[in-house]
Amino acid sequence: MNDMLAGLKISVSGIVQGVGFRPFVYGTATRFNLSGSVWNTSKGVEIELFGLQANLDQFLTELTAHPPVLARIDQIESFPIDYQDVPGFSIKDSLAEEGQFLPVSPDMSICPDCLHELFDPKNRRYRYPFINCTNCGPRFSIIKNIPYDRPLTTMAEFKLCPACQAEYDDPLDRRFHAQPVACPDCGPRVQFIAQGQIIGKFEGAISTARQFLIDGKIIAVKGLGGYHLACDASNAEAVQRLRDRKKRSDRPFALMSFDPDAIRKYCELNDAETATLQSPQHPIVLLPRKEDCPLPESIAPVQTHLGFMLPYTPLHYLLLEPDEGFPDVLVMTSGNLSDEPIAYEDEDARIRLSGIADGFLVHNREIHMRVDDSVVRLVEQKPYFMRRSRGYAPDPIILNDKVSEILACGAELKNTFCLSLDHYAFLSHHIGDLENYETLSSFENGIVHFQNLFRIKPKMIAADLHPEYLSTKYAVERACKEELPLVQVQHHHAHLASCLADNHYPANQNVIGLIFDGTGYGTDGAIWGGEVLVGSYGSVERRFHLAETSLPGGDSAIRNTSKIALSQLFSAELPWYEDLPPVLSFNSQELEILKTQLTNRINCPKTTSMGRLFDAVASLIGIRQIATYEGQAAIELENACDPDENHAYSFRIKADTIETAELFDHILLNLRMGISSNTIAARFHNGLAKMCLEVCQTIQGESGLQTVALSGGVWQNITLLNKTTALLRYNGFSVLQHHQVPANDGGIALGQLMVAAAAKGLK
Ligand code: ZN
Ligand code: ZN
Ligand code: FE
C-alpha cells in the first residue's frame with residue numbers, strides 16, 4: 001500500500017494566512033517528494049498532493065505536529081483523491097471570495113530568527129529597526145482591509161527593492177509573502193526629534209534617544225500599536241517627573257528590560273512567567289517584586305507586583321541594548337495623559353505628548369489601529385488576563401455552537417466590543433473607558449473596521465442594560481437606524497455568560513455564578529455588584545446578593561472611600577468612632593452633612609457592590625481614603641493581606657441577603673484590640689472565600705449544582721481567586737475561572753453576545 005501512488009486533498013482552517021503557511025506547505029511537500037499545489041481561500045488554506053502513500057501520511061503528520069509558529073489551526077480535514085501526474089509543487093494565487101471571512105493575525109513580537117539577523121553584522125538587515133518575516137512583526141495594527149496584501153496595509157507606500165522582492169517571491173524564503181517585509185534600502189526609517197528639530201537619523205536617532213534616557217530625560221517612542229513614554233526606571237527623579245507631567249495619579253508604570261536576567265534583579269521570575277514573557281505575544285506580566293528591589297517606589301506605589309515586558313519590536317531591542325552606563329530597565333508606559341487613550345498618530349502624538357516628552361523616537365510606518373499592551377498575571381501557571389489586547393486581539397474566541405452575526409457593544413469602562421460569525425467571537429482589542437470623544441470615536445471606528453475585516457454584517461445588537469453607557473446609546477441608536485433587534489443584557493448575567501463561553505461550557509446547563517464587581521446596572525435600577533446568580537446563557541436567577549448600602553453622592557462617591565466606609569457603618573447601625581481613619585478624613589461639619597444625607601437618603605442610590613465593600617474595609621483600616629484610580633483601594637487591601645493569617649470573618653446570610661453588619665462589627669472590634677491592618681485584610685479575604693463556599697453549598701442543597709463560575713472585576717484579586725477556588729474545589733465543586741478573556745468588564749462583550757444569541761434562539 002505504502003508504495004502506491006495516491007492523491008490527498010487537505011483543507012486547513014484557522015489563522016493560516018500571513019503566517020508563512022503556504023511556504024511551509026511548499027517546503028514540506030518538496031521534502032517528501034510530493035507534487036500538487038496549495039492556495040488560500042477565504043476559509044483558510046487548501047492543499048492538493050500527489051505522490052507515494054507513505055509520503056502523504058508523513059506530510060499529514062508533519063502538518064499536525066509542526067505547523068508554522070504563528071499559525072493557529074482550528075481544523076484539518078483530509079480525504080483521498082485520484083492520483084494525477086502533475087509536475088512539481090506550486091503555490092497558486094489566492095482568491096478573495098465575496099461575503100467570506102478569514103481570521104487576521106494579531107501583531108507578533110520579533111521572532112528568534114529575525115532577532116539573530118538583527119545583531120548579525122553580516123546580515124543585510126543588521127541593526128535595521130523594522131526587520132520582520134512571515135513568523136513575526138506587525139499585522140493587525142497595519143491592516144486597513146482584507147485581503148491581507150501589502151497594498152491594503154500601511155506598508156503600501158514602501159516599494160520593495162529588488163533584494164526584498166526576491167525574498168518576497170521565493171516560496172522557500174522565510175519572507176515569502178511577508179507583507180511588511182522591508183530593509184534599510186526600501187523600508188521605514190527612524191528619526192529622533194526634540195524641540196521640533198530632527199536631531200538624529202538612522203543609528204543616530206537611536207543613539208540620541210539612548211543618551212536622552214541616560215541623562216534622565218523622558219522620551220516618546222513610537223511602537224507597534226501606539227506611543228510609549230519611556231525613562232530610566234532606576235532614576236527616581238525622572239520617574240517622578242514623568243508621573244507629574246502625565247498627571248497619572250498613583251497608577252503603576254509598566255517596565256521593559258532587555259532580557260529575563262535583567263528582570264530577575266527586580267522581580268521573582270518562575271519558568272511559566274518567563275515563558276509567557278517570551279511567548280510570541282509578549283504581554284506585560286505582573287511579577288512579584290523582590291523584597292530588596294532597588295527601583296523607586298514611585299514606579300508602582302504600594303504594589304507587590306511590577307508589570308514587566310520584554311522588547312517586542314526590533315526597535316525596542318536596539319533602544320534597550322545593554323551597555324556600560326545604560327539603564328537595564330526602562331519605564332514603558334502608555335503614551336497618553338492620565339485618562340486619554342494612547343496616542344498612535346504622529347501629529348496627534350506630537351501635540352498631546354509635547355508637554356510630557358523631551359524627545360520623540362519616531363518612524364514613518366503608519367499605525368492604522370491603536371493597540372494597547374496586554375497585561376496578564378499567572379494563575380495556576382497560565383496567563384490570566386487583566387487586559388487582552390496586543391498579541392491576542394483580534395484572535396477569535398472559538399464557540400461551541402454556531403452563532404449568527406451579532407454585535408455586542410460591551411460596557412463603559414475597559415470597553416471592548418465583540419462580533420460573531422459561525423463558531424467565532426471576535427473580541428476587540430482594548431478600547432478604554434468610554435468617557436471622552438476620542439475613546440468613543442475609536443470604539444465606533446473599531447466596530448466598522450472589524451465588520452470590514454471579518455465581513456460581518458450584524459443582524460442583532462447586544463448591549464448593557466445601563467441606559468447611560470455610551471456603548472448602550474450607540475447600540476440603541478444603531479438598532480433603531482438599521483431596524484435590528486436589540487438585546488439589553490443585565491451586566492452580571494453578561495459576566496456569567498462570558499465566563500461560561502471562555503470555558504466552552506455547554507448551553508442549557510445551569511451553574512452557580514459568583515459575580516463580584518464594582519458597578520453594574522440591576523434589573524431594579526439599583527447598582528449591583530455582589531451577586532450570586534444561578535443560570536446559564538439563556539437566563540439567570542438572582543439567588544443571593546450583598547446587603548444594600550447607600551452610595552452618598554452616587555458615582556462621585558466611588559473615589560471617596562471614606563464616605564463609603566461611613567455609609568456602611570451607618571447601614572450596620574455602628575458608631576462613627578472619632579479615631580477611625582474615615583472619620584478623621586472629614587471635619588465635624590462635613591460629618592454632620594453626611595449623616596443628614598444618609599438619614600434622609602438625599603442623593604443616596606442603593607448599591608450591592610462588592611467593590612464598594614472592599615473600598616469600605618480599605619478605608620476603615622486606614623489603607624486608603626481617596627482612590628486616584630479605579631480599583632486602587634481594593635488592590636491595596638489585597639496587597640496588605642498577611643499570607644499566614646487563617647482566621648476569617650463571618651457573613652450572616654438571611655434569606656437572599658449576605659449581610660455585612662456583623663463583618664463591620666468584627667472589624668471595629670479588631671481595630672479596638674489593636675490588631676494589624678494586615679491581619680484584618682487577610683481575615684476579610686478569608687471570610688469572603690468562606691461566604692462563597694457557604695452560598696454555593698446552599699444552592700447545591702437546593703438544586704444539586706456543583707459548578708461555580710467566577711467572574712466580575714473583583715476576581716482580578718488573585719488572593720481572593722486562589723483562596724476561593726481552593727476552598728470550593730476542596731469541597732467538591734468544579735470551578736470555572738477566566739482563561740482567554742479578562743474577568744473584568746473587558747470580557748463582558750463576549751457574555752452579552754452569548755446571552756443575545758441564546759435569547760433569540762439563534763444558536
Ligand atoms: Zn521574524
Ligand atoms: Zn528592501
Ligand atoms: Fe462589571
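What arrangement do the four donor atoms around the iron ion (ligand 3) make? They subtend angles of 85 to 173 degrees, which makes the arrangement irregular. The legends below take this site and six further views in turn, all of them from a predicted model.

**View 1. The iron ion (ligand 3) is held by two histidines and two aspartates.** The coordinating atoms come from His491 (NE2), His495 (NE2), Asp517 (OD) and Asp745 (OD), at 2.1 to 2.3 Å. Read along the chain, these donor residues are spaced H-x3-H-x21-D-x227-D. His491 and His495 both sit in helix H13 (residues 491–502), and because they are four residues apart there, about one helical turn separates them. Are these two histidines buried or exposed? Both His491 and His495 are buried.

**View 2. Four cysteines surround the zinc ion (ligand 1).** Here the protein donors are Cys111 (SG), Cys114 (SG), Cys133 (SG) and Cys136 (SG), which lie 2.3 to 2.4 Å from the zinc ion. The four donor atoms make angles of 103 to 121 degrees, and the site is tetrahedral. For a benchmark, ideal angles are 109.5 degrees for four tetrahedral donors. Along the chain the donors of the zinc ion (ligand 1) follow the spacing C-x2-C-x18-C-x2-C. One pair links distant parts of the chain: Cys114 belongs to helix H3 (residues 112–118), while Cys133, 19 residues apart from Cys114, is in the loop between H3 and helix H4 (162–169). Cys114 and Cys133 are both buried.

**View 3. Five strands form an open sheet with mixed pairing.** To trace the sheet, follow the order E17-E19-E18-E20-E21. At its edges are strand E17 (397–403) and strand E21 (486–489), each pairing on one side only. From one strand to the next, the twist averages 30 degrees. Looking inside the sheet, strand E18 (residues 406–408) and strand E20 (residues 460–464) run parallel and are joined by three bridges. A handy landmark is Leu407, which stands opposite Ile461 in E20. Two helices also belong in this view. Helix H11 (residues 437–453) lies across E18 and strand E19 (418–427), at about 155 degrees to E19. Helix H22 (residues 748–759) lies across E17, E18, E19, E20 and E21, and its direction is at about 140 degrees to E19.

**View 4. Strand E29 (residues 707–711) is mostly covered and pairs in the parallel sense with strand E22 (residues 511–521).** How many of the five residues of E29 are buried? Five of the five are. Thr707, Ala709 and Ser711 point one way from the strand, and Val708 and Leu710 point the other way. The pairing of E22 with E29 runs over four bridges, and Gly513 has Ala709 in E29 as its bridge partner. E29 also pairs in the parallel sense with strand E30 (residues 734–736), over three bridges. In that pairing, Val708 has Val735 in E30 as its bridge partner.

**View 5. Helices H14 and H17 pack at an angle of about 100 degrees.** Their axes are 8 Å apart. That angle makes H14 roughly perpendicular to H17. On the H14 side, the residues that meet H17 are Thr561, Ser562, Ile564, Ala565, Gln568 and Leu569. Their counterparts in H17 are Arg612, Leu613, Asp615, Ala616, Ser619 and Leu620.

**View 6. Helix H18 (residues 632–640) has buried residues covered by several other elements.** The buried residues of H18 are Gln632, Ala633, Glu636, Leu637, Glu638 and Ala640. Their cover includes strand E15 (375–379) and four helices that may be worth labelling: H14 (561–571), H17 (610–620), H20 (677–703) and H21 (718–730).

**View 7. Lys723 is found in helix H21.** Where does this lysine fall between buried and exposed? Lys723 has 24% relative accessibility, so it counts as partly exposed. Leaving aside neighbours within four places in sequence, Lys723 is in contact with His685, Asn686 and Ala689. For a sense of scale, Ser105 is 618 residues apart from Lys723 along the chain, and 36 Å separates their C-alpha atoms.

Terms used. Residues numbered from 1 in each chain as written. Chains lettered and ligands numbered in written order. Predicted model: local features only at pLDDT ≥ 70, side-chain atom pairs only at ≥ 80, totals over all residues. Heavy atoms only, no water. Pairing = 2+ DSSP bridges. Helix = DSSP H or I, 4+ residues; strand = E, 2+ residues; numbered from the N terminus. Axes fitted to C-alpha atoms, helices over the stretch in contact; angles between N-to-C directions. Contact = heavy atoms within 4.5 Å. Buried < 20%, exposed > 50% of the residue type's maximum accessible area, 1.4 Å probe, protein only. Donors = N, O, S within 2.8 Å, 3.2 Å for Na, K, Ca; no water. Tetrahedral: all angles 85-135°; square planar, octahedral: opposite > 155°, others 65-115°. Parallel < 35°, antiparallel > 145°, perpendicular 65-115°, else oblique.
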